[in-house]
Amino acid sequence: MTIAEQWKQDGRIEGRQAIIQRQITKRFGKSITDMDVQERLRKATPEQLDLWAERILDAKNVDEVFKDN
């Protein structure tokens, strides 16, 4: 993978993380400054981010978004 491709991939991941942060704040009122949420998002794989983005739609609380992870 070239440096440009890696930067592009990193940008996509950061975009997913930012969207999920905004969704969590909007849906649950949980501040995006919550260190636990930030740490989970920072360490997540692209597949986990996609799964969490889907779970936000049905979750009753933020813990349900991250269950089993």
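A salt bridge, as I shall use the term, is a side-chain nitrogen of Lys or Arg within 4 Å of a carboxyl oxygen of Asp or Glu. With that in place, the first example comes from helix H2. The side chains of Arg-40 and Asp-36 meet in a salt bridge, at 3.4 Å from N to O. These two residues stand 4 apart in helix H2, and so about one helical turn separates them. Arg-40 is partly exposed, with a relative accessible area of 27%, and Asp-36 is likewise partly exposed, at 46%.

Before going further, I should state that this is a predicted model. The protein chain has an average pLDDT of 88, and 93% of its residues score at least 70. Among the elements of the chain, helix H3 has the highest mean pLDDT, at 95, and helix H2, where we have just been, has the lowest, at 88. As a general caution, predicted coordinates should not be read in detail where pLDDT is low.

Let me now give the overall layout. The protein chain contains 4 helices and 0 strands, and from the N terminus on the order is α-α-α-α. Helix H1 covers residues 3–28 and helix H2 covers 35–43. Helix H3 then runs over residues 46–55, and helix H4 over 62–65. Along its principal axes, the C-alpha trace spans about 40 × 20 × 15 Å. Of the 69 residues in the chain, 23% are buried. The accessible surface comes to about 5000 Å², and carbon and sulfur atoms account for 52% of that surface. Turning to contacts between residues at least 6 apart in sequence, 54% of them join residues at least 24 apart.

I return to the charged pairs. How many salt bridges are there by this rule? The count comes to 4. In general terms, side chains of opposite charge can pair when their charged atoms come close.

A further pair in helix H2 is Lys-43 with Glu-39, whose closest N and O atoms are 3.1 Å apart. Both residues lie in helix H2, 4 residues apart, or about one turn of the helix. Is Lys-43 buried or exposed? Lys-43 is exposed, because its relative accessible area is 58% and the threshold for that class is over 50%. Glu-39, at 31% relative accessibility, counts as partly exposed. Salt bridges with shared partners join Glu-39, Lys-43 and Arg-42 into one network.

Which residue forms a salt bridge with Arg-16? The partner is Asp-50, and the closest N and O atoms are 3.4 Å apart. Here the pair links distant parts of the chain, with Arg-16 in helix H1 and Asp-50 in helix H3, 34 residues apart. Arg-16 counts as partly exposed at 29% relative accessibility, and Asp-50 also counts as partly exposed, at 38%.

Next, the loop between helices H1 and H2. Asp-34 lies in this loop, and it is partly exposed, with a relative accessible area of 22%. Asp-34 and Gln-21 are 13 residues apart in sequence, and their C-alpha atoms are 9.8 Å apart in space.

I turn now to the interior. In soluble globular proteins, nonpolar side chains tend to be buried together. In this model, the largest nonpolar core has 13 residues, and those touching the most other members are Ile-20, Ile-24, Leu-41, Leu-49, Trp-52, Val-65 and Phe-66. Each of the helices H1, H2, H3 and H4 supplies at least two residues of this core. Helix H1 gives the most, with 3 residues.

Two of those core residues, Trp-52 and Phe-66, deserve a separate mention. The structure holds 1 aromatic pair. Trp-52 and Phe-66 form that pair in an edge-to-face arrangement, with 4.7 Å from centre to centre and 80° between the planes. Which parts of the chain does the pair tie together? Trp-52 lies in helix H3 and Phe-66 in the segment after helix H4, so the pair ties together parts that are 14 residues apart in sequence. Both Trp-52 and Phe-66 are buried.

To close, I would set two contacts side by side. The salt bridge of Arg-16 and Asp-50 links helix H1 to helix H3, and both of its partners are partly exposed. The aromatic pair of Trp-52 and Phe-66 involves helix H3 and the segment after helix H4, and both of its partners are buried.

How values were computed: Residues are numbered from 1 along each chain as its sequence is written. Side-chain values use heavy atoms; hydrogens and water are left out. Rings of Phe, Tyr and Trp (its six-membered ring) pair if their centres lie within 6.5 Å; planes under 30 degrees apart count as stacked, over 60 as edge-to-face and the rest as tilted. Buried means under 20% relative accessible area, exposed over 50%, partly exposed in between (1.4 Å probe, protein chains only). pLDDT is the predictor's confidence in each residue, from 0 to 100. A nonpolar core is a set of buried Ala, Val, Leu, Ile, Met, Phe, Trp, Tyr and Cys residues joined through side-chain atoms within 4.5 Å. Contact means heavy atoms within 4.5 Å. Accessible areas come from the Shrake-Rupley method with a 1.4 Å probe; for residues, only the protein chains shown count as cover.
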